[in-house]
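Trainee: I've got the model open and a few things to ask. Can we walk through it together?

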Amino acid sequence: MKNEMGEASHRTPFLWRYPRKFEPRTIYEPKVQVSSIDIYATLAELIEYDLNCNEAPDSRSLVSYLETGEASNELKKKPIMTHA
């Protein structure tokens, strides 16, 4: 149906390239959902910037996930909020 999580554009590949920090690889874990909102916390961690409580409150850093390929408990359990 329209506006459900399985609809096109809700589940699209997330590509990240930063060869100085992350080795090239493919991480495929369909149970771990990431969002474009997670870019904020990821970039903040990479530049060592502490986000204030009102700066991207729904964002989660993907740095450890991109480094190790293992999702943290936060990534596994914190749901992504969508609006339909």
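Mentor: Sure, and let's begin outside: keep in mind that this is a predicted model. I47, Y49 and L51 make a nonpolar patch on the surface, of about 300 Å².

Trainee: Take Y49 from that patch: is Y49 buried, partly exposed or exposed?

Mentor: Y49 sits in the loop between α1 (38–46) and α2. Buried would need under 20% relative accessible area, and exposed over 50%. Y49 has 39% relative accessibility, so Y49 counts as partly exposed.

Trainee: Going inside now, which helix gives the largest share of the largest nonpolar core?

Mentor: That core has 8 residues: F22, V32, L62, V63, Y65, L66, A71 and L75. The largest share is 3 residues, and these come from helix α2 (residues 63–68). So the name you want is helix α2.

Trainee: V63 is on that list. Which residues does V63 touch, not counting those up to four places away in sequence?

Mentor: V63 belongs to the largest nonpolar core. Contact here takes heavy atoms within 4.5 Å. With residues up to four places away left out, V63 touches K21, F22, T42, E45 and L46.

Trainee: What about charges: how many salt bridges does the structure hold?

Mentor: One of them joins the side chains of R25 and E23, at 3.9 Å from N to O. The cut-off for a salt bridge is 4 Å, so that pair counts. R25 is partly exposed at 34% relative accessibility, while E23 is exposed at 55%. The total for the structure is 3 salt bridges.

Trainee: And E67 with K21: how many residues apart in sequence are the parts that this pair ties together?

Mentor: The side chains of E67 and K21 meet in a salt bridge at 3.0 Å, N to O. E67 lies in helix α2 and K21 in the segment before α1, so the parts tied together are apart in sequence by 46 residues.

Trainee: Are E67 and K21 buried, partly exposed or exposed?

Mentor: E67 has a relative accessible area of 36%, which makes E67 partly exposed. K21 is at 39% relative accessibility. K21, too, counts as partly exposed.

Trainee: D38 in helix α1 looks interesting. Which residue meets D38 in a salt bridge?

Mentor: Leaving aside neighbours within four places, D38 is in contact with D58, S59, R60 and L62. The salt bridge is at 2.9 Å, N to O, and its partner sits in the loop between α1 and α2, 22 residues apart from D38. D38 is buried at 1% relative accessibility, and the partner is buried at 3%. That partner is R60.

Notes:
Residues numbered from 1 in each chain as written. Predicted model: local features only at pLDDT ≥ 70, side-chain atom pairs only at ≥ 80, totals over all residues. Heavy atoms only, no water. Core = buried A, V, L, I, M, F, W, Y, C linked by side-chain atoms within 4.5 Å. Buried < 20%, exposed > 50% of the residue type's maximum accessible area, 1.4 Å probe, protein only. Helix = DSSP H or I, 4+ residues; strand = E, 2+ residues; numbered from the N terminus. Patch = residues over 30% accessible without salt bridge, like charges linked within 9 Å, V, L, I, M, F, W, Y side chains within 5 Å. Areas by Shrake-Rupley, 256 points an atom, 1.4 Å probe, with all protein chains shown as cover.
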